[in-house]
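Open your viewer, switch to a cartoon view and keep the selection box handy. We will go from stop to stop, picking something and looking at what is there.

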Amino acid sequence: MSSSAGETVGVEVDGVRIGVVRWSGRPGAPTAFGLHGITANAWSWAVVARHLAGDISLVAIDMRGRGTSSQVPRPYGIRRHADDVAAVIRQLNAAPAVVAGHSMGAYVALACAERHPSAVSDLVLVDGGVPLPVPDDVDPQTALERMMGPAIERLQRVWIDRVQYETMWADHPAFAGGLTPDIERYVLSDLVPCEGGFRSAVSEEAVRHDGAELLIDEEIRSLLERRAEPATIIRAETGLMAAPPSLIEAAWMERLPNHDWRTIAGTNHYDVLIGEAGAAAVAEAIRQRVNSQR
């Protein structure tokens, strides 16, 4: 399936078909890769692709349990996703490539660079990559329920029609400015038909598995601290509900000063990728990292 916003294709990886959305640049343009968040899909990168303006081809990957890869079987987990990403990069003859990841995708990008250094030339991390806070007096599973509860509820719900689902997102504090056509395309691409209406294509099992790793797997949680090479890290000013605090505490900028930190004023965890200001900043960071490799 293709549209003016991009082309959805499949890439064979270890006997399964991983879905990707590809926005082709001008002939001979380098290719960068985009990795979505824990309940998102590849279309979340459409605004960034537009801001790249054809100078760079962008391939956004639907990770297992999401989007067009929602039916790809387990295993899930950050390491499995990282291995899939490296395999897609190599299948498309794009290694080494700049890899950008948003939210959970940032951890996958870090793991891909660590596990497959020949596939990744550079990283852009968007509001993710630092260890998620888990209070000492809270069981990790309880912390997971607190963190993912609203998202899990959304995955379990049946929506009467697409309008109801779109309205839910339009009422979210993160989208107080309204849903642009790009955001509408992204959120509606998440829906699949089911008895009684529509549901999210995202696998609840995949979200629970991946979310648990982000909270309790110390090897995954320490990926950024182990990385010696500098990455560009883009912070949103506010969190998931468009209110302070930021998902990445400012203290991390002082703790890991070797990275290129950029805080985008007026953005939240969602629109730092799919809003105009955030997407423009992400695209510029990708362009700078790609150009530095030439």
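A crossover is called right-handed if, with the strands pointing away from the viewer, the path from the first strand over the helix to the second runs clockwise. Helices and strands here are DSSP runs (H or I over at least four residues for a helix, E over at least two for a strand), numbered from the N terminus.

Before selecting anything, note that this is a predicted model, in which local features need pLDDT of at least 70 and side-chain atom pairs count only at pLDDT 80 or more, while totals for chains, interfaces and linings use all residues. Residues are numbered from 1 along each chain as its sequence is written, and side-chain values use heavy atoms, with hydrogens and water left out.

**Stop 1: a β-α-β unit**

Select β4 (31-35), helix α1 (46-52) and β5 (57-61): they make a right-handed β-α-β unit. Turn it until the strands point away from you and follow the path.

Now keep β5 and show its neighbours. Two strands count as paired if DSSP finds at least two bridges between them. β4 and β5 pair in the parallel sense over 5 bridges, with F33 opposite V59. Add β3 (16-23), which runs antiparallel to β5 and is joined to it by 4 bridges; here R22 stands opposite V59.

Show the side chains of β5 next. S57, V59 and I61 point one way and L58 and A60 the other way, and all are buried. Buried means under 20% relative accessible area, exposed means over 50%, and partly exposed lies in between (1.4 Å probe, protein chains only).

**Stop 2: helix α3**

Select α3 (104-115). This helix has 12 residues and reaches 17 Å from its first C-alpha to its last, close to the 16 Å expected at 1.5 Å a residue. The expected span is 1.5 Å times one less than the number of residues.

How many of the 12 residues of α3 are buried? The count is 10, including M104, Y107, V108, L110 and C112.

**Stop 3: the largest pocket**

Colour M147, M148, L240, H269 and Y270, which lie nearest the centre of the largest pocket among its 44 lining residues. A pocket is found on a 1 Å grid over the protein atoms alone, as an open set of points with protein on both sides within 12 Å along at least five of seven lines; a cavity is a set where a 1.4 Å probe fits but cannot get out, and lining residues have an atom within 4 Å of a point. Grid points are joined across faces, edges and corners, and a volume is the space filled by probe spheres set on the points.

The volume of this pocket is about 1200 Å³. Which helix gives the most to its lining? Select α4 (140-156), which supplies 8 residues. Its lining has 28 nonpolar, 10 polar and 6 charged residues. Nonpolar covers Ala, Val, Leu, Ile, Met, Phe, Trp, Tyr, Cys and Pro; charged covers Asp, Glu, Lys and Arg; the others, Gly among them, are polar.

**Stop 4: the second largest pocket**

Return to α3, which together with β7 (120-126) and α9 (223-226) supplies at least two residues each to the lining of the second largest pocket. Its volume is about 200 Å³. Select the lining residues, among them L110, E114, D122, R226 and R227; the whole lining divides into 5 nonpolar, 1 polar and 5 charged.

**Stop 5: the enclosed cavity**

A search of the whole structure finds 1 cavity of 30 Å³ or more, and about 40 Å³ of space lies in it. Pick T39, N41, R154, Y165, W169, Y186, V187 and D190 to see its lining. Two elements, α5 (162-170) and α6 (181-188), give two or more residues to that lining.

**Stop 6: a hairpin and two buried residues**

Select β8 (191-194) and β9 (197-200), antiparallel strands joined by 4 bridges. L191 stands opposite S200, and G196, in the hairpin, takes a positive phi near 95°.

Next, pick V207 in helix α7. V207 is buried because its relative accessible area is 0%. Draw a distance to Y76: the C-alpha atoms are separated by 8.8 Å, though the residues are 131 apart along the chain.

Last, select I248, in the loop between β10 (232-236) and α10 (251-255). I248 counts as buried because its relative accessibility is 1%. Its C-alpha is 7.1 Å from that of G128, 120 residues away along the chain.
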